[in-house]
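Okay, thanks for making room for me this morning. Have a look at the sequence and the model while I talk you through how the thing is put together.

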Amino acid sequence: MKILNLNEGSFPIEMDLNLNSIDVPDVGILKDTLNVELKISKLSLNLLKCDGYITATFIDTCQYCLKKTEVLIDGSIDVAIKDTKELHADSSEQDQTHYQDLEYFNIDNLIEEELALIYPDIVRCDRKCLAKEDTLIEEKNLPFKKIRDLID
Ligand SMILES: [Zn+2]
């Protein structure tokens with residue numbers, strides 16, 4: 001766990017992290033490490049920004065055929081960071097803002113939140129997993145249909 005004080009120090013802060021474990025519900029098992037490259041910049045007194053990349057491989061289960069499936073994560077981070085104090089005062093329609101105590105900023109929390117957003121909602125062993133099953137059933141039924149047609 002890495003805690004930073006984002007209220008002081010010099011910016012931008014650049015980091016290259018390799019995490020061995022990640023605490024995110026509904027994701028697969030992390031294979032090797034989760035690699036994060038990020039840069040935190042200070043835009044104004046109460047507004048920071050984080051840019052970066054997350055790359056990792058997870059072992060998950062295909063939701064259609066239950067086969068063990070590798071999920072490759074390769075996503076970018078582009079999020080505003082504000083102190084939790086701003087949460088109620090904030091009326092801006094910012095697309096994505098991560099709120100945390102800036103004085104004791106836990107970088108893992110930010111990474112976990114971003115990973116949860118990047119992680120696919122539907123895990124498939126193959127992009128056509130469900131479609132493939134459908135065609136298979138159709139093809140299998142086809143000869144029977146023909147025979148039935150002949151009998152009739
Ligand atoms: Zn599948």
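Let's start with a sanity check on helix α1. It has twelve residues, and at 1.5 Å a residue that should span 16 Å; the end C-alpha atoms are 17 Å apart, so the two values agree. And before anyone asks, yes, this is a predicted model.

So which residues of α1 are buried? They're I107, L110, I111, E114 and L115. These buried residues cover an arc of only 130° around the axis, so they sit on the same side of α1. And what do the buried residues of α1 pack against? That's β1, β3, β4, β5, β6 and β7, where β7 is 105–106. As for the whole helix, residues 107–118, α1 lies across β3, β4, β5 and β6, and runs at about 60° to β4.

Let me zoom out for a second. The protein has two helices and seven strands. Going from the N terminus, you get β-β-β-β-β-β-β-α-α. Of the 152 residues, 14% are buried. If you take contacts between residues at least 6 apart in sequence, 56% of them join residues at least 24 apart.

Now the sheet. It's an open one with five strands, in the order β2-β3-β4-β5-β6, and the pairing is mixed. On the edges you have β2, residues 13–19, and β6, residues 97–100, each pairing on one side only. Ignoring direction, neighbouring strands in this sheet are turned by 25° against each other on average.

Where does the mixed pairing show up? Let's walk across. Strands β3, residues 29–44, and β4, residues 47–61, run antiparallel and are joined by twelve bridges. One pair to click on there is V36, whose bridge partner in β4 is I54. Next door, β4 and β5 are antiparallel too, with 14 bridges, and in that stretch Y53 has S76 as its bridge partner in β5. The hairpin of β4 and β5 has six residues between the strands, and L66 takes a positive phi there, near 65°. Then you get to β5 and β6, which run parallel, joined by four bridges. The pair to look at is I81 with its β6 partner, H98.

On to the core. Nonpolar side chains in soluble globular proteins tend to be buried together. Here the largest nonpolar core has 18 residues, and C50, I54 and I111 have the most contacts inside it. The elements giving two or more residues to this core are β3, β4, β5 and α1, with β4 giving the most, at five residues. If you skip neighbours within four places in sequence, I111 is in contact with V36 and I54. Those two are the bridge partners I mentioned a minute ago, with I54 in β4.

Last stop is F11, in the loop between β1, residues 3–4, and β2. Is F11 buried, exposed or partly exposed? It has 14 other C-beta atoms within 10 Å, so F11 counts as partly exposed; buried would take 20 or more, and exposed 12 or fewer. Leaving out residues up to four places away in sequence, F11 touches I40, S41 and K42. There's also L43, 32 residues from F11 along the chain, with 9.6 Å between their C-alpha atoms.

That's my tour, happy to rotate the model if anyone wants another look.

How values were computed:
Residues numbered from 1 in each chain as written. Predicted model: local features only at pLDDT ≥ 70, side-chain atom pairs only at ≥ 80, totals over all residues. Pairing = 2+ DSSP bridges. Axes fitted to C-alpha atoms, helices over the stretch in contact; angles between N-to-C directions. Contact = placed C-beta atoms within 7 Å. Core = buried A, V, L, I, M, F, W, Y, C linked by C-beta atoms within 7 Å. Expected span 1.5 Å × (residues − 1). Arc of directions from axis to C-beta.
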